[in-house]
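Work through these exercises with the model open beside you. Try each task before you read its solution.

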Amino acid sequence: MTEEWMHPGRGGGRGHGHRRSGADTLAEGAMEGRGGGRRPRQLEPGDLRLLMLHALAAQPSHGYELIKAIGEWVGGDYTPSPGTVYPTLALLEDLGLARSEASDGGRKRFHLTPPGEAERAAQASAIEAVLERLAQARARAHARRLPEIRRAMENLKMALRLRLEGEMESTELVRRLAEIIDRAAVEVERA
């Protein structure tokens, strides 16, 4: 079971035998950041399954409740889509790790099975590592959103733009500006 679990391209039924599930490929795709840069991926391959095991161990849940819980763990920068969550739930059922039952309004409520509980226990350290990584990412994202930090970053960009605008960049000017920025980076690292 653990071998199939950790290697999304292996094992499992319902179309998961020879290719990765849509949940894995979508969840692992990097999100585009502002300014055209790429942001680091929020979830690594297999993380979504681990988080779903963790959530289902706490309480049986509907798919939308899992979406909300995972979005909160990530910190609002990423919310898994139904197109990633429901195929992953189907995979958990195919692997015998979860079962569903119809509940209020015909929606499915998912529960861990005894093998699912065992798998969650076997993956406890991996689950903790994912949760810790997400907590660190949330803290970094929060720091980037602090008004003082955003203002200072924008001020630096504007100062560089204004300083370099309209004049030929001399080798000496570029060298001096790079030194200033490098010194600032060292101070930020040490802060």
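## Exercise 1: One lysine

Lys-108 has a relative accessible area of 45%, and is therefore partly exposed. Keep in mind that this is a predicted model.

**Task.** Place Lys-108 in its strand and find which residues it is in contact with, leaving aside neighbours within four places in sequence.

**Solution.**
- Step 1. Check the class. Buried means under 20% and exposed means over 50%, with partly exposed in between. Lys-108 has 45%, so it falls in the middle class.
- Step 2. Find the element. Lys-108 lies in strand β3.
- Step 3. List the contacts. Beyond its neighbours within four places, Lys-108 meets Ser-61, His-62, Gly-63, Ser-100 and Glu-101.
- Step 4. Take one partner and check the distance. His-62 is 46 residues away from Lys-108 along the chain, and their C-alpha atoms are 6.0 Å apart.

## Exercise 2: The whole chain

**Task.** Describe the fold by its helices and strands, then state what share of the residues is buried.

**Solution.**
- Step 1. Count the elements. The chain has nine helices and three strands.
- Step 2. Read their order. The pattern is α-α-α-β-α-α-β-β-α-α-α-α.
- Step 3. Turn to burial. Of the 191 residues, 31% are buried.
- Step 4. Look at the surface. About 11,600 Å² is exposed, and carbon and sulfur atoms supply 56% of that area.
- Step 5. Consider sequence separation. Take the contacts between residues at least 6 apart in sequence: 54% of them join residues at least 24 apart.

## Exercise 3: Two helices that cross

**Task.** Describe how α4 and α5 cross, and name the residues that meet.

**Solution.**
- Step 1. Locate the helices. Helix α4 covers residues 63-74, and helix α5 covers residues 82-94.
- Step 2. Give the geometry. Their axes come within 10 Å and cross at roughly 115°. The crossing is right-handed.
- Step 3. Name the residues. From α4 come Gly-63, Tyr-64, Leu-66 and Ile-67; from α5 come Pro-82, Val-85, Tyr-86 and Leu-89.
- Step 4. Sort them. Seven are nonpolar, one is polar and none is charged.

## Exercise 4: The nonpolar core

**Task.** Find which elements give two or more residues to the largest nonpolar core, and which gives the largest share.

**Solution.**
- Step 1. Start with the core. It has 26 residues. Among those with the most contacts inside it are Leu-43, Leu-51 and Leu-89.
- Step 2. List the elements. Two or more residues come from each of α3 (47-58), α4, α5, β3 (108-112) and α7 (124-145).
- Step 3. Pick the main contributor. Helix α3 gives the largest share, seven residues.
- Step 4. Follow one residue. Leaving out residues up to four places away in sequence, Leu-51 touches Leu-43, Ile-70, Trp-73, Val-130, Leu-131 and Leu-134.

How values were computed
Residues numbered from 1 in each chain as written. Predicted model: local features only at pLDDT ≥ 70, side-chain atom pairs only at ≥ 80, totals over all residues. Heavy atoms only, no water. Buried < 20%, exposed > 50% of the residue type's maximum accessible area, 1.4 Å probe, protein only. Contact = heavy atoms within 4.5 Å. Areas by Shrake-Rupley, 256 points an atom, 1.4 Å probe, with all protein chains shown as cover. Axes fitted to C-alpha atoms, helices over the stretch in contact; angles between N-to-C directions. Left-handed = near helix turned anticlockwise from the far one by under 90°. Nonpolar A, V, L, I, M, F, W, Y, C, P; charged D, E, K, R; others polar. Core = buried A, V, L, I, M, F, W, Y, C linked by side-chain atoms within 4.5 Å.
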